[in-house]
Amino acid sequence: MSKLKKSLNIVSYRDIINLSTYYLFGSTKNTDRYICNIYEGGSGIMSSDFKQPLRVKRRVLIVDDEPINREIMGAFLSGSYDVIYAENGEEAISLMKENSETISIVILDLLMPVMDGYEVLKIRNSDDKLKKIPVIVLTSEKSSEIESLKLGASDFITKPYDMPEVIIARVQRIIELFEDRNIINSVNEDELTGLFTKDFFIQYALQI
């Protein structure tokens, strides 16, 4: 591959996903937002200022009305993620809408004042942008686990909390699953119509 030069203006972790999609599949949305240097041999994404690989922490939103619970979960995740907090569901929805392009996952308590976690999940389901953000719920009841999964939660963490390593692994797994799905959707769906592209149907036909 010949040396290419494009502009790089990384706004969020999803920008890097879109950029990777461009490298792999030759197309992505908003390609004029990026500046990057690609060299033969695959040297990776380089910062034009520092000539070093870019490292962007994924952002995690922790939603819990109990300060101690927020602090504990934040302590578990802050080493690997950029952590922000909300005290109730109403504040969480506001932050999710303001940061829909930068939040990689929401850790959501179910029982909270003002707006509980169930209502957050319902509002998320009705918003196309918010539906792209995975949610892990915090619960101590089996019935709550089932109900939250029906409302679109991707996983649950039981209280009292597991070992930090277990929580970190579950958060990482869900983030990666959603990122992979978003990459596939961005390639297979037409940007204007939201329908599957011709290339998708060709590839699908070759597999059956």
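Student: Why is Asp65 called partly exposed?

Tutor: Asp65 has a relative accessible area of 27%, and since buried means under 20%, exposed over 50% and partly exposed in between (1.4 Å probe, protein chains only), Asp65 counts as partly exposed. This is a predicted model, in which local features need pLDDT (the predictor's confidence in each residue, from 0 to 100) of at least 70, side-chain atom pairs count only at pLDDT 80 or more, and totals for chains, interfaces and linings use all residues. Residues are numbered from 1 along each chain as its sequence is written, and side-chain values use heavy atoms, with hydrogens and water left out.

Student: What makes Asp109 buried?

Tutor: The relative accessibility of Asp109 is 6%, which falls under the 20% limit, so Asp109 is classed as buried.

Student: Which residues is Asp109 in contact with, leaving aside its neighbours within four places in sequence?

Tutor: Contact means heavy atoms within 4.5 Å, and by that criterion the partners of Asp109 include Val63, Asp65, Gly117 and Lys159.

Student: What joins the side chains of Asp109 and Lys159?

Tutor: They are joined by a polar contact of 3.0 Å, a term for a pair of N or O atoms within 3.5 Å, where within protein one must be able to donate a hydrogen and the other to accept it, and residues adjacent in sequence count only if both atoms are side-chain atoms.

Student: How do you know that the buried residues of α4 are on the same side?

Tutor: Helices (H or I, at least four residues) and strands (E, at least two) are DSSP runs, numbered from the N terminus, and in α4 the buried residues are Gly117, Tyr118, Val120, Leu121 and Arg124. They cover an arc of only 160 degrees, taken from the directions from the helix axis to the C-beta atoms, and therefore lie on the same side of α4.

Student: Which residues touch the most other members of the largest nonpolar core?

Tutor: A nonpolar core is a set of buried Ala, Val, Leu, Ile, Met, Phe, Trp, Tyr and Cys residues joined through side-chain atoms within 4.5 Å; of the 24 residues in the largest one, these are Leu61, Val63, Met96, Val106 and Leu108. The largest share of this core, four residues, comes from α3.

Student: Where does pLDDT stay under 50?

Tutor: One such stretch is residues 1-11, and the pLDDT is also below 50 over residues 22-54. Where pLDDT is low, the predicted coordinates should not be read in detail.
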